[in-house]
Amino acid sequence: MPEEAPVHQAQFQSPIGGVRVTVNDGGSLVSVSFVDNELVESDLNGPAAAVAQQLEQYFAGTRTIFDLVVAPEGTEFEKRVWKDLVEIPFGATETYGAIAARLGDPGASRAVGVANARNPVAIVIPCHRVIGADGDLTGYAGGLWRKQWLLGHESGQGRLAF
């Protein structure tokens with residue numbers, strides 16, 4: 001069994017709850033996750049501090065683009081989907097079908113949805129910007145209320161009501 005690479009974590013409180021960031025020993029971001037029902041306090045001076053700082057700027061409304069190296073683990077298809085997701089501009093949304101078409105397989109919208117759900121780097125790889133073909137909000141691993149908040153935050157309208 002291979003030895004896991006050392007990781008560094010930081011946690012902070014955001015408007016949508018506790019957030020945990022994890023970076024590998026090389027400083028690449030491997031995950032951003034929501035931590036519910038946990039005391040969220042962390043030393044923001046370690047290797048994960050730069051990631052936490054950029055996310056705090058995002059929540060404060062002063063950052064719309066992240067300047068981070070990401071290294072999420074997933075299948076080759078998932079990585080292709082996640083690479084496409086980072087091209088969705090701040091404040092915009094895209095459908096699963098449109099992403100599938102861009103990836104060269106218009107019939108793969110469900111597979112895109114599965115890859116979207118497995119995204120380990122919430123917010124930075126903006127899976128919250130993906131909506132259903134009819135414009136409805138669809139699943140979000142962090143909860144639909146968070147997806148609603150994030151889309152409202154990015155549209156400049158605060159919380160969106162659907």
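**Entry 1: overall figures**

I began with burial: of the 162 residues in the protein, 44% are buried. I note here that the model is predicted. For the surface, I find that the protein exposes about 8,700 Å², and carbon and sulfur atoms supply 50% of that area. I then looked at contacts between residues at least 6 apart in sequence, and 54% of these join residues at least 24 apart.

**Entry 2: secondary structure**

I find five helices and five strands in the protein. Reading along the sequence, I get the order β-β-β-α-α-β-α-α-β-α.

I looked up the pairing of strand 1 (residues 7-14) with strand 2 (residues 17-24). The two run in the antiparallel sense and are held by eight bridges. A hairpin of two residues makes the connection from strand 1 to strand 2. Which residue of strand 2 is the bridge partner of H8? I find V23 in that place.

**Entry 3: salt bridges**

I find five salt bridges in the structure. I looked up three of them by residue.

I took R146 and D36 first. Their closest N and O atoms are 2.6 Å apart, and the pair forms a salt bridge. What does this pair tie together? R146 belongs to helix 5 (residues 144-155), whereas D36 sits in the loop between strand 3 (29-35) and helix 1 (49-60), so the salt bridge joins parts that are 110 residues apart in sequence. I also checked the accessibility of both partners. R146 has a relative accessible area of 2%, so I enter it as buried. D36 has 45%, so I enter it as partly exposed.

I went on to R102 and D84, whose side chains meet in a salt bridge at 2.7 Å, N to O. This pair links distant parts of the chain, with R102 in helix 3 (residues 96-102) and D84 in helix 2 (residues 76-85), 18 residues apart. Is D84 buried or exposed? I enter D84 as buried because its relative accessible area is 12%, which is under the 20% cut-off. R102 counts as partly exposed because its relative accessibility is 45%. I also find that R102 and D84 belong with E94 to a network of salt bridges.

The third pair I looked up is R129 and E154, where the side chains form a salt bridge at 2.7 Å, N to O. R129 is in the loop between helix 4 (109-117) and strand 5 (130-131) and E154 is in helix 5, so this pair ties together parts 25 residues apart in sequence. I find that both R129 and E154 are buried.

**Entry 4: N119**

I looked up N119 next and placed it in the loop between helix 4 and strand 5. Why do I enter N119 as buried? Its relative accessible area is 10%, and the cut-off for buried is under 20%, so N119 qualifies.

I then checked what surrounds N119. A polar atom of the N119 side chain lies 2.8 Å from the backbone oxygen of I125. Leaving out residues up to four places away in sequence, I find that N119 touches W82, I125 and C127. I125 therefore appears in my notes both for its backbone oxygen and as one of the residues that N119 touches, because the polar atom of the N119 side chain is 2.8 Å from that oxygen, within the 4.5 Å used for a contact.

Note on methods
Residues are numbered from 1 along each chain as its sequence is written. This is a predicted model: local features need pLDDT of at least 70, side-chain atom pairs count only at pLDDT 80 or more; totals for chains, interfaces and linings use all residues. Side-chain values use heavy atoms; hydrogens and water are left out. Two strands pair if DSSP finds at least two bridges between them. Helices (H or I, at least four residues) and strands (E, at least two) are DSSP runs, numbered from the N terminus. A salt bridge is a side-chain nitrogen of Lys or Arg within 4 Å of a carboxyl oxygen of Asp or Glu. Buried means under 20% relative accessible area, exposed over 50%, partly exposed in between (1.4 Å probe, protein chains only). Accessible areas come from the Shrake-Rupley method with a 1.4 Å probe; for residues, only the protein chains shown count as cover. A polar contact is a pair of N or O atoms within 3.5 Å; within protein, one must be able to donate a hydrogen and the other to accept it, and residues adjacent in sequence count only if both atoms are side-chain atoms.
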